[in-house]
Amino acid sequence: MEVPGAGYVVLALLVALFGALAWKYARRLVTVTRVLRAGVRAEGECVRVETEPYNRSDARRHFFAFRTAEGTWVEFEDLAGWSTTEGTSVTVTYDPRDPRGTATVAGRGSWSPVLQSLALVAGCGMGAAGFAILLYFEIAGGN
């Protein structure tokens, strides 16, 4: 049984999903570049690494912790490389007005978090654009 317009709905949902992800990572990119330029640095460490369900080797979440200049303990999740394991020392840069929301694993001069965020923005943005083009041709050229 074919549902009329189902293809449009699926494509529209994919455009919305990838667009929302691109927007999320674009906001993170802006935050990371601002913090790397004018943030405060602190020493931190990786406190745990979680693997996603079904033990997929490519799906790991890294959690880091550090103390702010005021002594507040902050734990946050960030992107990290494969070699980062529990106990790995890292440099954390953050905005003192919002340490939990702005913390990133990098010191000044490190482009890694910027490139990671940029790659995610570009990938999700291209996905959204690609599905939007498909949706346009489905509607315009349709049948």
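Which residue takes a positive phi in the hairpin of E2 and E3? To answer that with some context, it helps to know that the structure shown above is a predicted model, and that its secondary structure comes to three helices and five strands. In the hairpin of E2 and E3, where five residues lie between the strands, the residue with the positive phi is glycine 71, at a value near 95°.

Read along the sequence, the elements of the chain follow the pattern α-β-β-β-β-α-β-α. The chain has 143 residues, of which buried residues make up 31%. Its accessible surface comes to about 9200 Å², and 60% of that surface belongs to carbon and sulfur atoms. Among the contacts between residues at least 6 apart in sequence, 63% join residues at least 24 apart.

The sheet is a good place to begin. The five strands form an open sheet in the order E3-E2-E1-E4-E5, with antiparallel pairing, and the edge strands are E3 and E5, each of which pairs on one side only. Strands of a sheet pair through backbone hydrogen bonds, either parallel or antiparallel. Here E1 and E2 run antiparallel and are joined by seven bridges, while six bridges join E2 to E3, which also run antiparallel. Phenylalanine 66 can be followed across these three strands, for it is the bridge partner in E2 of glycine 44, and it stands opposite valine 74 in E3. Towards the other edge of the sheet, E4 and E5 pair in the antiparallel sense over two bridges, and valine 92 stands opposite valine 105 in E5.

The loop between strand E2 (60–67) and E3 also holds threonine 68. Is this residue buried or exposed? Threonine 68 counts as buried because its relative accessibility is 5%, under the 20% that marks the limit for a buried residue. Leaving aside residues up to four places away in sequence, threonine 68 touches Val74, Tyr94 and Pro99.

From the sheet we can turn to the helix that comes at the start of the pattern. Helix H1 covers residues 6–38, which makes 33 residues, and it reaches 48 Å from its first C-alpha to its last, close to the 48 Å expected at 1.5 Å a residue. The buried residues of H1 are Leu11, Ala22, Arg28, Leu29, Thr31, Val32, Val35 and Leu36. What covers these buried residues includes parts of the sheet, namely strand E3 (73–78), strand E4 (89–94) and strand E5 (104–105), together with helix H2 (99–102) and helix H3 (112–141).

Arg28, one of the buried residues of H1, also takes part in a charged pair. The side chains of arginine 28 and aspartate 78 meet in a salt bridge, with 3.5 Å from N to O. Because arginine 28 lies in helix H1 and aspartate 78 in strand E3, the pair ties together parts that are 50 residues apart in sequence. Aspartate 78 counts as buried too, since its relative accessibility is 12%.

How many salt bridges does the structure hold? The count comes to seven, and several of the residues involved are connected with one another, for Arg48, Glu50, Arg61, Glu75 and Glu77 are linked in a network of salt bridges. Within this network, glutamate 50 forms a salt bridge with arginine 48, the closest N and O atoms being 3.0 Å apart, and the side chain of glutamate 50 also meets that of arginine 61 in a salt bridge of 3.9 Å, N to O. The second of these pairs links distant parts of the chain, with arginine 61 in strand E2 and glutamate 50 in strand E1 (residues 40–51), eleven residues apart. Glutamate 50 is partly exposed because its relative accessible area is 30%; arginine 48 counts as partly exposed at 29% relative accessibility, and arginine 61 counts as partly exposed at 30%.

The cysteines complete the tour. The structure holds zero disulfides. Cysteine 46 is buried, with a relative accessible area of 0%, and cysteine 124 is buried as well, with a relative accessible area of 11%.

Conventions
Residues numbered from 1 in each chain as written. Predicted model: local features only at pLDDT ≥ 70, side-chain atom pairs only at ≥ 80, totals over all residues. Heavy atoms only, no water. Helix = DSSP H or I, 4+ residues; strand = E, 2+ residues; numbered from the N terminus. Expected span 1.5 Å × (residues − 1). Buried < 20%, exposed > 50% of the residue type's maximum accessible area, 1.4 Å probe, protein only. Contact = heavy atoms within 4.5 Å. Disulfide = S-S within 2.5 Å. Salt bridge = Lys/Arg side-chain N within 4 Å of Asp/Glu carboxyl O. Pairing = 2+ DSSP bridges. Areas by Shrake-Rupley, 256 points an atom, 1.4 Å probe, with all protein chains shown as cover.
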